[in-house]
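Student: I should like to examine the ligand site and the backbone geometry of this model. May we proceed by question and answer?

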Amino acid sequence: MTFRIEPMAGADAERCAELEVLLFTGDGPWSAEAFRAELVAPHAHYTVARDDVGQLVGYAGIALLGNSSQPESEIHTIGTDPACRRRGVGRALLDELLRRADAHGGPVYLEVRTDNDAAIALYRHVGFEIVGTRKKYYQPSGADAFTMRRSGSREEQVQ
Ligand SMILES: CC(C)(COP(=O)(O)OP(=O)(O)OC[C@H]1O[C@@H](n2cnc3c(N)ncnc32)[C@H](O)[C@@H]1OP(=O)(O)O)[C@@H](O)C(=O)NCCC(=O)NCCS
């Protein structure tokens, strides 16, 4: 499968919401309206993967936070269509978010369900480490989350 990475458009919100229901049932899947709100939020960047016929097969978003002396970023979401897993879509989306985070500077944080082995493996692959646990973070499921952190590229250079 070939795919391309592009900025998310307003017209992608319905498809993203459809995938959310498949991927995050019980953990508060985002509505199309929530995606549209994120798309106009300051400091947020959303990206999608499309296959060779233009179908959206993955999406991801990040918020670039903090200020110029203490920048940091937070990954908000990432998901791949279950029919298109293990073909590099998630990694390519994450690389795009991290490219933006590295240009912004500072560490990158995210939350992930403690039982989500696939996502934890993906995040470890690109340098994230578990730095904490948040009990009952997800609702309504009540599932626990790990907080993961990846050092900023400039931070690594000075250590
Ligand atoms: C996590 C997720 C985005 C990965 O997407 P993907 O497109 O299948 O990921 P990739 O094909 O780019 O995989 C990249 C690497 O991640 C790791 N990985 C991905 N899925 C994995 C799995 N099921 N088991 C173990 N490792 C896995 C592997 O290291 C993989 O590299 P490899 O295939 O060369 O071994 C996808 O499983 C998903 O959408 N899950 C549901 C939504 C979700 O949980 N999002 C994260 C919320 S915090």
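The exchange below treats the ligand site, then the backbone.

Tutor: Please bear in mind that this is a predicted model. We may begin with the ligand.

Student: Which pocket does the ligand take up, and which element gives the largest share of the shell around the ligand?

Tutor: The ligand fills the space of the largest pocket. Two or more residues of the shell come from each of β4 (71-80), α3 (89-104), β5 (108-113) and α4 (117-125). The largest share, 6 residues, is given by α4.

Student: How do the residues of the shell divide into nonpolar, polar and charged?

Tutor: There are 20 residues around the ligand, and those that come nearest are Ile78, Thr80, Gly90, Arg91 and Asn116. By class, the shell divides into 9 nonpolar, 6 polar and 5 charged residues.

Student: At what distance from an oxygen atom of the ligand does a backbone N or O atom of Gly88 lie?

Tutor: Arg85 contributes through its side chain, where an N or O atom is 3.5 Å from a ligand oxygen. Arg87 instead places a polar backbone atom 3.1 Å from an oxygen atom of the ligand. For Gly88, a backbone N or O atom is found at 2.9 Å.

Student: What percentage of the area that the ligand exposes when taken alone does the protein bury?

Tutor: The polar contacts with the ligand include one from the backbone of Gly88, at 2.9 Å. The reference value is the area of the ligand taken alone, 930 Å². Of that area, the protein buries 75%.

Student: Which peptide bond is cis?

Tutor: Most peptide bonds are trans. Here, Pro140 is found in the loop between β6 (129-134) and β7 (145-150). With omega near 10°, the cis bond is the one from Gln139 to Pro140.

Student: Is His43, with its positive phi, buried or exposed?

Tutor: Most residues other than glycine have a negative phi. His43 is not a glycine, yet its phi is about 70°; His43 lies in the loop between α2 (32-40) and β2 (44-51). Because the relative accessibility of His43 is 54% and the threshold is over 50%, His43 counts as exposed.

Student: Where is Arg86 placed, and what is its relative accessible area?

Tutor: Arg86 is a residue other than glycine with a positive phi, near 60°. Its place is in the loop between β4 and α3. Arg86 is exposed, so the value asked for lies over the 50% cut-off: the relative accessible area is 85%.

Terms used: Residues are numbered from 1 along each chain as its sequence is written. This is a predicted model: local features need pLDDT of at least 70, side-chain atom pairs count only at pLDDT 80 or more; totals for chains, interfaces and linings use all residues. Side-chain values use heavy atoms; hydrogens and water are left out. A residue is near a molecule or strand if one of its heavy atoms lies within 4 Å of it. A polar contact is a pair of N or O atoms within 3.5 Å; within protein, one must be able to donate a hydrogen and the other to accept it, and residues adjacent in sequence count only if both atoms are side-chain atoms. Accessible areas come from the Shrake-Rupley method with a 1.4 Å probe; for residues, only the protein chains shown count as cover. On a 1 Å grid over the protein atoms alone, a cavity is a set of points where a 1.4 Å probe fits but cannot get out, and a pocket is an open set with protein on both sides within 12 Å along at least five of seven lines; lining residues have an atom within 4 Å of a point. A molecule sits in a cavity or pocket if more than half of its atoms lie within 2 Å of its grid points. Helices (H or I, at least four residues) and strands (E, at least two) are DSSP runs, numbered from the N terminus. Ala, Val, Leu, Ile, Met, Phe, Trp, Tyr, Cys and Pro count as nonpolar, Asp, Glu, Lys and Arg as charged, and the others, Gly among them, as polar. Buried means under 20% relative accessible area, exposed over 50%, partly exposed in between (1.4 Å probe, protein chains only).
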